[in-house]
Structure formats: C-alpha cells, structure tokens
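The following exchange concerns how descriptive terms are assigned to a structure. Each reply sets a value against the criterion behind the term.

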Amino acid sequence: MAASSSLSKEQSVININDLSLTFKTNDGLVHALSNIDLTINSGEFVSLIGPSGCGKTTLLRVIADLETPTGGSILVNAMSPHEARMKRAYGYVFQAAALYPWRTIARNVGLPLEIMGLDKEECQKRISHNLALVNLEGFEKKFPWQLSGGMQQRASIARALAVEPELLLMDEPFGALDEIVRDHLNEQLLRLWDKTNKTVVFVTHSIPEAVFLSSKIVVMSPRPGRIHSIIESNLPKDRTLDIRETQEFLNIAHEVREGLREGHSYED
Amino acid sequence: MRGNVNIFPLLCVLTGIIVIWYASAIYMNAPFQRDVYQRAKTQWTTTQLIGDTLAQKRPVLPAPHQVAEEIYKTTFLKKVTSKRSLIYHSGITFSSTILGFIIGVVLGIALAVGIVHNKALDKSLMPWVISSQTIPILAIAPMIIVVLNAVGIQGLLPKAFISTYLSFFPVVVGMVKGLRSPEIIHLDLMRTYSATQWDVFWKLRWPSSMPFLFTSMKVAIAAALVGAIVGELPTGAVAGLGARLLAGSYYGQTIQIWSALFMAALLAGTLVALVGIANRMVLKRMGMAA
C-alpha cells in the first residue's frame, strides 16, 4: 500500500489542493487565486492560459516559492515549494530574459552553476551543452546587448536548463517577441521538451501557443483568479507548426476559446 | 572632424573669458595706478596706463599672463623639492586628497552596504550621514586637527580626515542607490537559485552599483581636494596649496594666490579625469561601456 502510494507521488510533480492567495492592498483584499486544484504529472507540458488578472503568473510564482499562498496546500516534488526552491528543483524563465548585462552569454548561463558551487570543468561542460541545445554555439563571449531579443530569451532558457531541473517553469517567455521568432522558438521548445522529457509549466495568453505546445491546457478566469477548465490534448509529441492547420488542432483551440469566453465576464 | 566641431565653442568661451578678465584687470587696477602717477606727478597716456595696470606687482586682479608667468616660474623653473615650487605644494595637497579620498570611499561603501542590508541602520544612520554635511567644514576642520593632535595623530592623516569627511557623503548616497538598483526580475532570479545574501551581493548588487560608484567618486574626489585645501587653511600648515593661498593673502601676493587657485583647479580636473578613465576601463571590461 505504502509502496504504491509513494509510486503515485513520484508520478505527480506538482500537487495543488484548494489553494488560495489573497493580497492586501489599499483598496481592500484582492483574491488573486481561489480554490485552485491542480495535479501536474511528470513529463507533462502544462499551459496556464487566461486573460490578464486571472492569476496565471501568480500561480506559477507560488509553485516557484516567489509568492506565499494564504490557504490550501501545494507540494512540488512531494516537498513544500520552499524546500523545493532550496533544493533548486526547478528552472524559471521570466517574461524578460533577465540576463545580467555585465556578464557574457556563457557567464550568464554559468551564473546558477557558480552559485551551486560546481567546479569549473562541470560548469564549462554544462554551459556549452545547454547553449548548443538552444542553438547559441559561438555566442559564448558576446554580451547580452549584442544579441537579438529572441536570442537573449534562448540564452535565458539555456540558463534555466543548465541547473538540470526536472521541472521548467516559464512565465510568458515569448510574450515580448514578434510572431515569426515566437513560432520558431515554440518549435524549438517542443523539440527540447521531446528530447529532455522535462515537466514544463508554461504561462501564456496566446491560444495557438498554448494548444501547439501543451499536453494539458489549464484555462483560468479572473476575479477571483480560478481554474475554469482543464483541457487534455493528444497531439503527437513530434508535431510541427503545420499541425495548426489540422482539424484536431482547431477543435482544441475552439474548446480553449469557449472556455476563456465563459470564464470571462464581459459586463465589467 | 568631430574634434574640431567640439573644440570651437570651447575656444569661443575661453577667448571670451580672457577678454573679460583683461578688461576687468585694467578696470580694477587703474585707480591704484592713477594714484601712483599722481603722487609721482607724472604725465600719463591711456596706453601707458593700460600697460602699467597689467604689470603691477600686487594687483587687485592679476592679468592672465602674470598668472601664467608665475605658474611657469614656480613649476618649471623651480626644483620639485623647493618650498617655492608649486609642484611641491600640489604634491602635498594631492597626497592628503588621495589618502582622504580612499578612506572616504571605503567608509562610504561600508556604510552603504550596512544601510542597504540592515533596516535599523537604514533608519538610524542615514539622518546622521546627511546632517554631517550641514556643518560648515571650515568650522569643523580646526577641531578635527586639534582633537586628533591631542590623541597623537599628526601630519598627513588629520588633513586626510577632513577630505574623508567631505568625500564619504556622495559615496554613501550613490552606493545606497546603486546597491538598490537591481531590477526585481534580477533579484527574483537569484531567489529561484536560492542564492545566499553573499552571492546576491557579489554577483548582482555590487556589479549593478558600479556606474553609481564612479559617478559618486567623481564628486567625492573633487570634494576631497576642497577638504584638503580647507584643512591647510586655518591650521597653520606650512606646505600645500592651502598654505600657499594663506601665505599669499597674508602678504597681499595676489599673483601667488591666483596661481595656487589655478593649480588647484588643474589638480581637480586631473583627478576627476582619472576617475573618469578608471570608470571607462571598468565598464568596458564589464561590457557596459557607453
């Protein structure tokens, strides 16, 4: 009995139960998150989608222990988010690349490794391996401002991967990029997910992006921030951008759009 | 090409200043000269008057060429070790400026680090830091010299402490701002790595604060020079640009005063430029040179 329950624990990377988060502001309480129940299993690609103010970024930050929930429970790798953060259980990719301007690309990717206290050789190995994963070989000695926005964001993904986390948390990483670059990076991210088998939690407000990338789409709605519906997707793992023309893709996109519409009251 | 464009307005201003200066020198020195003529009962022409006003021994306002000549005589024609060499006096002032500046920068950074990392220090220290600068330095300088002398500290250090007193302030203010300058997203990133305060300081706060440090050091080094000169003024110092100014005013040697003033300005300009060069070198190494 005990063995089987620990086995199922291993399967689920994130367990969220009746989670809520209330901010106190000058105008009173803001219910950023309420009654969130969500289980994310190992190897899943989960998108959190919703209009602004629905708490999708807040939820991601709770998982990352950058925000503290005011109610309910959450386990990350069967630990509290704080313990998980202390053990560096996840890699986090922010909306902006957040590269340190005084560090070269290689040293930016190496930043978490320095903090983890890895030896030089291991750092070097991981830096070149992960820069190769995001197709940034040859840019090691460049400074961030010498790279385009898309390349900077790829460098920040390499930096998150360098920690070698099983869990990747991404907060609208491609939101600031133009659509062509975005499509390209979406495809690369999908390849990366396929290759590394990591668990990804991905925040976005783009329906095509969510449907294209995800194995599970969590539709959220605002005031209070809550989960409206969870849509499973069975698109093949080795899909390409062409899949966006297929009926299957359009059906899922339609379902997501309906969910967003129902969850979002237009009266206010 | 760009150099030419930039130097033209500079030359215009310089020419303007020299013209105004000569005119003022003639105007201000003329009454004394007329007095001299009257007493000697000599006939004089305007040309003669102008020539003589620009060649007085103790003019109210020395002419530019008199100051230039004095500077030339007391720098190039005197041995560096001579008490009459301006280089010698500048060197004295320079050494206490630099010593005071270095102590001031270290002290300023230390205070800023404390203020940024400790709420109690932030609340308790900052008002003192600010009020320290409301006391006129001229009033406190002799006290510092006397008090330090009483505890057996003499020579370069007391003067340097006056420089420190003036130069730590811009460094504290600049570095508090600099160490708090990292963006939230950069701090959040450190949190996701569960980085220690030590790592956050050395890998994020310290490098972020570099532009602020150099800007405040430019202000601080000029203030340190003022401090060193002020330290030499009321304390009976026998050497240094301040002592030179004081001696000049005792004996009405206006030419000597003005040449000491110019050396001080030149020294200040050189020091600020040196900080500027260090600034560019460091920021270039950090890939942030503008």
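Q: What pattern does chain B follow along the sequence?
A: In this predicted model, chain B reads α-α-α-α-α-α-α-α-α-α-α. Its secondary structure amounts to eleven helices and zero strands.

Q: Why are H9(B) and H11(B) called roughly antiparallel or roughly parallel to each other?
A: Helix H9 (residues 197-232) and helix H11 (residues 254-285) of chain B pack at an angle of about 160°. Angles over 145 degrees count as roughly antiparallel, those under 35 as roughly parallel. H9(B) and H11(B) are therefore roughly antiparallel. Their axes are 10 Å apart, and the crossing is right-handed.

Q: Which residues make the contact of H9(B) with H11(B), and how do they divide by class?
A: H9(B) contributes B:Met210, B:Pro211, B:Phe214, B:Met217, B:Lys218, B:Ile221, B:Ala222, B:Leu225 and B:Ile229. From H11(B) come B:Ala264, B:Leu267, B:Ala268, B:Leu271, B:Val272, B:Val275, B:Gly276, B:Asn279, B:Val282 and B:Leu283. By class there are 16 nonpolar, two polar and one charged. Lys counts as charged, whereas Gly is placed among the polar residues.

Q: How does the radius of gyration of chain B stand against that of a compact globule?
A: For 290 residues, a compact globule would have a radius of gyration near 19 Å, but chain B has 25 Å. The C-alpha trace of chain B spans about 90 × 60 × 35 Å along its principal axes. Of the residues of chain B, 34% count as buried, the criterion being 20 or more other C-beta atoms within 10 Å.

Q: What share of the contacts in chain B with a separation of 6 or more joins residues 24 or more positions apart?
A: Such pairs account for 75% of those contacts.

Q: What makes up the side of chain A that touches chain B?
A: Contact is made between 17 residues of chain A and 15 residues of chain B. Helix H3 (81-86) and helix H4 (105-116) of chain A are the elements that give two or more residues to this side. The largest share, three residues, comes from H4(A). By class, the side of chain A has 14 nonpolar, one polar and two charged residues.

Q: Why does A:Gln95 count as buried, exposed or partly exposed?
A: A:Gln95 has 16 C-beta neighbours inside 10 Å. A buried residue needs 20 or more and an exposed one 12 or fewer, so A:Gln95 counts as partly exposed. A:Gln95 lies in the loop between strand S5 (90-93) and H4 of chain A. Beyond its neighbours within four places in sequence, A:Gln95 is in contact with A:Asp171, A:Glu172, A:Pro173, A:Gly175 and A:Ala176.

Technical notes:
Residues numbered from 1 in each chain as written. Chains lettered and ligands numbered in written order. Predicted model: local features only at pLDDT ≥ 70, side-chain atom pairs only at ≥ 80, totals over all residues. Axes fitted to C-alpha atoms, helices over the stretch in contact; angles between N-to-C directions. Helix = DSSP H or I, 4+ residues; strand = E, 2+ residues; numbered from the N terminus. Parallel < 35°, antiparallel > 145°, perpendicular 65-115°, else oblique. Left-handed = near helix turned anticlockwise from the far one by under 90°. Contact = placed C-beta atoms within 7 Å. Rg over C-alpha atoms; globule rule 2.2 N^0.38 Å.
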